[in-house]
Amino acid sequence: MKKLVILTGAGMSAESGISTFRDSGGLWDQYPVEQVATPEGYAADPKLVIDFYNTRRKELQNVKPNRGHELIAELEKDFDVTVITQNVDNLHERAGSHHVIHLHGELTKVTSSREPNNPKYIKTLKPEEWEVKMGDLAGDGSQLRPFIVWFGEAVPMIETAIGYAEQADIFVIIGTSLNVYPAAGLLYYVPADVPVYLIDPKEVAIASGRKVHVIRKGASEGMEELKNMLLKEQG
């Protein structure tokens, strides 16, 4: 089975109704990134940050995976699929994908403020536990914080993701501007002879010299086209 590695960004979940951060009218227009997505912002006003992610968590319960998510999951019948996502939602999993690497953390999990990446303190919240309050503590006695990789923090899963990029037989990029590093740098680890596909309705700047098959469509429509193309090539 060929190894199909798919890197997804905000555009993947936009069709499900999840607010993107960077687009006009997106979350960064409403909340300065420094306030809600940096360790400094959290230190300055932990309640504001915790409430911000409580709201995102509650919103997540009211959205469903889109056809693009489902098509990626369906490809597991014919390929060894690994999804590397910059998204913190759980829509890939809910659509049926079994191997998802979250580079930027997971909205449905909370952790220790002191040791955020210590597996001992990472807890998955049930849907009804969406609201975290000040005073809710992790196993080490520190305030529970969102299990999110904020700007300025290390990305613990990047080495794992690089390993999969290096082993890919086919590499697909969906709905990401390739502006956020280290995720955007994964393409550099994909072997030169491996076909790369990019699905995005907007123009995305790609590292020079790399041949990329561009599908200028949204996630669902683009995945439909790509799936047909890949299965045809499989014969």
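Modeller: Buried means under 20% relative accessible area, exposed over 50%, partly exposed in between (1.4 Å probe, protein chains only). The model is predicted: local features need pLDDT of at least 70, side-chain atom pairs pLDDT 80 or more, while totals for chains, interfaces and linings use all residues. Residues are numbered from 1 along each chain as its sequence is written, and side-chain values use heavy atoms, leaving out hydrogens and water.

Colleague: How many aromatic pairs does a search of the whole structure find?

Modeller: Rings of Phe, Tyr and Trp (its six-membered ring) pair if their centres lie within 6.5 Å; planes under 30 degrees apart are stacked, over 60 edge-to-face, the rest tilted. Searching the whole structure on that basis, the number of aromatic pairs is 3.

Colleague: Take Tyr42 and Trp150. What class of aromatic pair do they form?

Modeller: Their ring centres are 5.2 Å apart. The planes of Tyr42 and Trp150 meet at 40°. That makes the pair tilted.

Colleague: How many residues apart in sequence are the parts that Tyr42 and Trp150 tie together?

Modeller: Helices (H or I, at least four residues) and strands (E, at least two) are DSSP runs, numbered from the N terminus. Tyr42 sits in helix 4 (residues 39-44). Trp150 sits in the loop between strand 6 (144-148) and helix 8 (158-167), so the pair ties together parts whose separation, in residues, is 108.

Colleague: Are Tyr42 and Trp150 buried or exposed?

Modeller: Tyr42 falls in the class under 20%. Trp150 does too, and both residues are buried.

Colleague: Tyr53 also pairs with Trp150. What is the angle between their planes?

Modeller: The ring centres of Tyr53 and Trp150 are 6.3 Å apart. The pair counts as tilted, because the planes stand at 40°.

Colleague: Which helix does Tyr53 bring to Trp150?

Modeller: Trp150 is again in the loop between strand 6 and helix 8. The pair with Tyr53 ties together parts 97 residues apart in sequence. Tyr53 is buried, as is Trp150. The residues 46-60 that hold Tyr53 are helix 5.

Colleague: Which residues form the aromatic cluster?

Modeller: Tyr42 and Tyr53 belong to one cluster with Trp150. Phe52 joins them, and the members are Tyr42, Tyr53, Trp150 and Phe52.

Colleague: Now the charges. How many salt bridges does the structure hold?

Modeller: A salt bridge is a side-chain nitrogen of Lys or Arg within 4 Å of a carboxyl oxygen of Asp or Glu. Across the structure, the salt bridges number 10.

Colleague: With which residue does Arg56 form a salt bridge?

Modeller: Arg56 is buried, at 11% relative accessible area. Its partner is partly exposed, at 36%. Both lie in helix 5, 3 residues apart, about one turn of the helix. The closest N and O atoms are 3.2 Å apart, and the partner is Glu59.

Colleague: Which residue meets Arg67 in a salt bridge?

Modeller: Arg67 is partly exposed, at 33% relative accessible area. Its partner is also partly exposed, at 22%. The N to O distance is 2.9 Å, and the partner is Glu74.

Colleague: How far apart are the closest N and O atoms of Glu131 and Lys133?

Modeller: Glu131 is partly exposed, at 39% relative accessibility. Lys133 is partly exposed as well, at 46%. The two form a salt bridge, with the closest N and O atoms separated by 3.8 Å.

Colleague: Which residues do salt bridges with shared partners join into one network?

Modeller: Arg67 and Glu74 are both members. Shared partners link them with two others, and the network is Arg67, Glu74, Glu70 and Lys227.
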